[in-house]
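Colleague: Please put the model up, and then let us go through its helices and its largest pocket.

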Amino acid sequence: MSEFWIYFQLGLKHIINVFSYDHVLFLIALAVPFSFKDWQRLLLLVTLFTVGHTMSLLLVVFGIVAIKISVVEMLIPITILITALFNLFTAGKTNKKESINLIFFVTLFFGIIHGLGFSTYFKSILSGSSTSKLLPLSEFALGIEAAQIIVVFVVLILSYIVQTFFRFSKRDWVLVMSAFIIGVVLPMIIGNEIWIR
């Protein structure tokens with residue numbers, strides 16, 4: 001049981017961590033267009049993101065995929081930027097339900113990219129054969145899922161407070177938060193070491 005908590009807490013701390021705010025930014029961008037009544041769809045998106053994240057860890061742990069960390073570190077803020085830009089262009093539009101399958105697929109794909117960013121470190125802390133790493137990996141994934149649900153729940157509460165007590169329209173809330181996220185990730189993209197050659 002103590003080993004379970006080690007990897008579960010590692011998953012929690014991977015998300016709820018001052019130094020990995022990029023993951024939190026993605027979750028905020030993902031959750032901001034939704035409200036409590038959409039909790040099932042949002043939970044499915046969060047779970048798909050976790051599945052993608054875990055798939056990429058599996059691929060690296062089993063030696064199927066080798067990644068260049070600088071490329072992944074460039075792609076992660078780009079996934080956040082794309083999500084925030086999508087919110088900007090679809091804020092207040094009613095035909096969003098039609099594109100939900102695309103959103104599901106993109107969220108899964110972005111989960112894979114985010115997982116690749118952590119996979120090298122995760123592989124280095126696990127010893128033993130690849131198959132012995134399956135249980136710690138699933139415990140880590142549960143920690144990630146729990147942390148993501150916490151972050152999304154906080155975003156939904158903030159969204160409710162801002163829209164109910166401060167009379168923000170849902171559209172304005174989505175626009176402000178998406179613009180804020182874009183303002184944070186653009187310097188991450190511009191300052192990435194991939195540009196320095």
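**Helices and pocket**

Colleague: What distance should the 32 residues of helix α6 span, and why does the model agree?

Modeller: This is a predicted model, in which local features need pLDDT of at least 70 and side-chain atom pairs pLDDT 80 or more, while totals for chains, interfaces and linings use all residues. Residues are numbered from 1 along each chain, and side-chain values use heavy atoms, without hydrogens and water. Helices are DSSP runs (H or I, at least four residues), numbered from the N terminus, and the expected span is 1.5 Å times one less than the number of residues. For α6 (residues 134–165) the end C-alpha atoms are therefore as far apart as expected, at 46 Å.

Colleague: At what angle do the axes of α2 and α3 cross?

Modeller: Axes are lines fitted to C-alpha atoms, for helices over the stretch in contact (heavy atoms within 4.5 Å), with angles from 0 to 180 degrees between N-to-C directions. In α2, H23, F26, L30 and A31 meet L42, L45, F49 and H53 of α3. The axes come within 10 Å, and they cross at roughly 145 degrees.

Colleague: Which helix gives the largest share of the lining of the largest pocket?

Modeller: A pocket is an open set of points on a 1 Å grid over the protein atoms alone, where a 1.4 Å probe fits, with protein on both sides within 12 Å along at least five of seven lines; lining residues have an atom within 4 Å of a point. Of the 18 lining residues, F19, S20, D22, E73 and I76 are the closest to the centre. The largest share, four residues, comes from α4.

Terms used
Helices (H or I, at least four residues) and strands (E, at least two) are DSSP runs, numbered from the N terminus.
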